[in-house]
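This report describes selected features of one protein model. The sequence and structure are shown first, and the description follows.

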Amino acid sequence: MINRKFWKNKRVLITGHTGFKGGWLSVWMNILGAKISGYSINPITKKNFFDTTNIKKIFVKDYRKNIQDYKSLEMCIKKTKPEIIFHLAAQPQVLESFKNPLDTVATNIMGTSNLLEISRKYKFIKSIVIITTDKVYQNNENKIKFSETDHLGGDDLYSASKACADIISLSYLKSFFKNSNCGIATARAGNCIGGGDWTKHRILTDATEAFLKNKNLKIRNPNTIRPWQHLLEPLFGYIILAEKIFGNKQKKYCDSWNFGPARKTNVTVINFAKILKLQMKSESKLILNKKIDIREKKNLDLNSKKANKKLDWKCFLSINDTLKLTAEWYLANHQKQNMYNFTCKQIEKFLKIKK
C-alpha cells in the first residue's frame, strides 16, 4: 500500500506533467500532499486532461520546455531540487513515429539520457522512476506474456526508442548510481486508458468523441488484442516503486518492472468498443475497417508476477470496471462538472475498491 506519510511535503518533479498519465499522477501526488513541479511542452491536443481539470494551480513550478533542452532541464532541477522524479515526457505514439522519426528518437532516447546525466550531479535526488511501455519487448507475434528478462527491441521507431530509453536507464544505474543515494527503476505498463485522453490515433479518443454525439465509429484494427488497463493501476505501481527505491537503500528494487493487466482484460478492439458503447449508453454504429494497419503489433501481453510477488501489486479491475470508470469521466465532463474534483473522487474510489 501507499505510505501517505512518506509523500507528505516530498519534492516531486514530473516530466510530461501536461500529458494524460502525467496529469493523473500529478493529481494523485497533490492528494498525497507532495510539493509538485512539472517539466513538459504544452499539451499536444486542443482538448486535454491538463486544461480540462485546471491542474496548473497545484504545481509549485510549471516549466514548459522540451526534454531535449539539456540546459533548461538542468535549470529546472537545480531550482526545484526534487527528491523524487517521475519521467513520463515522451513521444508516445507508434503512428507518430512514422511521421516524425528523428523527433521520436531525440525525445525518447536523448530526453531520457539528459535527465539521467543531469540527475547524477545532484545528491538531493533520491528516487527516479522511468516510465517506458509494454512495447519495449521484441515482439515476434508468438502470443507470449513478456517478462522483465525477455529481449528488448522494436520494429517501429517508437518501440525501439522506448526500448533504448529502458536500456540506457538501467545502464546509467549500473554505471553511475550503483553506490549512490539515488535509486533508479524502469516501469512498463499496458495500454493505459481513463478519462481525459484525447491523443490522436487512439481508439479511446475516436470512440468517446463518436459515442457522445451518437455518430458512427470506424474501427481501424478491430481484431487487434491489447492489454487494456485503467491508468490508475500502473500509477499505483509507480508510486509504490518510487517509495521502495528511495535513497537506494533497497537495491533489489532498482530494476525493470512490468505493471500489466490480468490476461482476462485483454480483449479485441471491437469488443473494447462494444463495452464502452454500452457504458456510455450510445446509439452509435460500429463500422469495421477490413484493411489491417500492419505498422502495429496485433498481440501484446505482459507477465507481472514479479510486481505481484515483490511489490504486492496487482491489477484488479475488470475490463467492465475499467471502461465504466472511463465512461463516467467523459460523461461527467460532457455534463460540465468540476473535473478536478471528479478526478480526485475517482482516485479515492479506486483506492476504496482496492481495499
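Why is strand 2 (residues 35-40) largely enclosed by the rest of the structure?

## Burial of strand 2

The model discussed here is predicted. Of the 6 residues that make up strand 2, 5 are buried, and the strand is therefore largely enclosed by the rest of the structure. Burial here means a relative accessible area under 20%.

## Pairing of strand 2 with strands 1 and 3

Strand 2 runs parallel to strand 1 (residues 11-15), and 5 bridges join the two. Within this pairing, S37 of strand 2 has L13 opposite it. Between these strands the chain passes through helix 2 (residues 20-31), forming a β-α-β crossover that is right-handed.

Strand 2 also pairs with strand 3 (residues 59-64); this pairing is likewise parallel and comprises 5 bridges. Here S40 has R64 of strand 3 as its bridge partner.

## The surroundings of S97

Elsewhere in the chain, helix 5 (residues 94-99) contains S97. Is this residue, S97, buried or exposed? Its relative accessible area is 2%, and because the limit for burial is under 20%, S97 counts as buried.

Apart from neighbours within four places in sequence, the residues in contact with S97 are Q91, T104, D156, L157 and Y158. With Y158 there is also a specific approach: the side chain of S97 reaches the backbone nitrogen of Y158 at 3.3 Å.

Note on methods:
Residues are numbered from 1 along each chain as its sequence is written. This is a predicted model: local features need pLDDT of at least 70, side-chain atom pairs count only at pLDDT 80 or more; totals for chains, interfaces and linings use all residues. Side-chain values use heavy atoms; hydrogens and water are left out. Buried means under 20% relative accessible area, exposed over 50%, partly exposed in between (1.4 Å probe, protein chains only). Helices (H or I, at least four residues) and strands (E, at least two) are DSSP runs, numbered from the N terminus. Two strands pair if DSSP finds at least two bridges between them. A crossover is right-handed if, with the strands pointing away from the viewer, the path from the first strand over the helix to the second runs clockwise. A polar contact is a pair of N or O atoms within 3.5 Å; within protein, one must be able to donate a hydrogen and the other to accept it, and residues adjacent in sequence count only if both atoms are side-chain atoms. Contact means heavy atoms within 4.5 Å.
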